[in-house]
Amino acid sequence: MPMLKKENLSARQSPRQNHLLAALPEVDYERLLPQLEPVALPLGWALYESGSEQEYVFFPTDSIVSLLYVMQDGSSAEIAVAGNEGVVGISLFMGGETTPSRAVVQSAGHGYRLRASVLKTEFAQGGDLQHLLLRYTQALITQMAQTAVCNRHHTVEQQLCRWLLLSLDRLPTNQLSMTQELIANMLGVRREGVTEAAGKLQAEGLIHYSRGKITVLDRPKLEARVCECYAVVKHENDRLLPETTAN
């Protein structure tokens, strides 16, 4: 994976842009800081593959990573997203070591990686990092469960609204770089369904879509259109995870 030079990254990026790292007490953060490596996370990059050994966990700062399940025929569906609120690679500290899902960068940006051996040592010591990681895992499980319910019971338009809002919550802007084909792959639906749903939202002035870029123009109306699944996930995130301002 390409690694950004620290001197080029420091002016724009900080590990504290990740909410879990920002919530650590100063003494724990300073101990971990020398082990955190800045990395570029380009669109489509696979942080880990299904069943593969994971050497690092990743703390996104201004990027979004999709956790996907891929079927034998190559089709896939997103089960959760992770961004600046969390970490990618929970199987390393949960004891499973590997997972049948794969993690792919959905929105390009940056983050920090930490060697698996370092994380395991820190986690085994207990304390604030272990507590934060376990609370994040509970929030992630809620997101996975609600995604399954949403995909089964709600319309493509509602799923698209949920996906847009969850993505926006993890980005510093109101714009996403994503083609309709990729969205369809993430949601596990036909591209025609996404095109129709996006067309309705655009016609009503909620979003603007052009050349692979989606800009949310009216978030309150988007929230009014989304199913209850978004509120369930957001409430659990707000309840379990720290609310921080990046330094």
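Modeller: Two strands count as paired if DSSP finds at least two bridges between them. Keep in mind that this is a predicted model.

Colleague: Fine. How many bridges join β9 to β10, then?

Modeller: There are 4 bridges between β9 and strand β10, residues 213-216, and the two strands run antiparallel. As one example of a partnership, His 208 is bridged to Thr 215 in β10.

Colleague: What order do the strands of that sheet have?

Modeller: The order is β8-β10-β9, in an open sheet of 3 strands with antiparallel pairing.

Colleague: Which strands stand at the edges?

Modeller: β8 (175-177) and β9 (207-210) do. Each has a single partner strand, so one side of each lacks a neighbour in the sheet.

Colleague: And how are neighbouring strands turned against each other?

Modeller: By 15° on average, ignoring direction.

Colleague: Which strands does α7 touch when it packs on the sheet?

Modeller: Helix α7 touches β8, β9 and β10, and its direction makes about 105° with that of β8.

Colleague: Switching to helices. At what angle do α6 and α7 pack?

Modeller: α6 (residues 127-153) and α7 (residues 156-168) pack at about 155°, and their axes are 10 Å apart. Angles over 145 degrees count as roughly antiparallel, so α6 is roughly antiparallel to α7. The crossing of α6 past α7 is left-handed.

Colleague: Which residues make the contact?

Modeller: From α6, Gln 143, Thr 147, Cys 150 and Asn 151; from α7, Gln 159, Arg 162 and Leu 166.

Colleague: How do the residues of that contact divide into nonpolar, polar and charged?

Modeller: In the contact of α6 with α7, 2 are nonpolar, 4 polar and 1 charged.

How values were computed
Residues numbered from 1 in each chain as written. Predicted model: local features only at pLDDT ≥ 70, side-chain atom pairs only at ≥ 80, totals over all residues. Heavy atoms only, no water. Axes fitted to C-alpha atoms, helices over the stretch in contact; angles between N-to-C directions. Parallel < 35°, antiparallel > 145°, perpendicular 65-115°, else oblique. Left-handed = near helix turned anticlockwise from the far one by under 90°. Contact = heavy atoms within 4.5 Å. Nonpolar A, V, L, I, M, F, W, Y, C, P; charged D, E, K, R; others polar.
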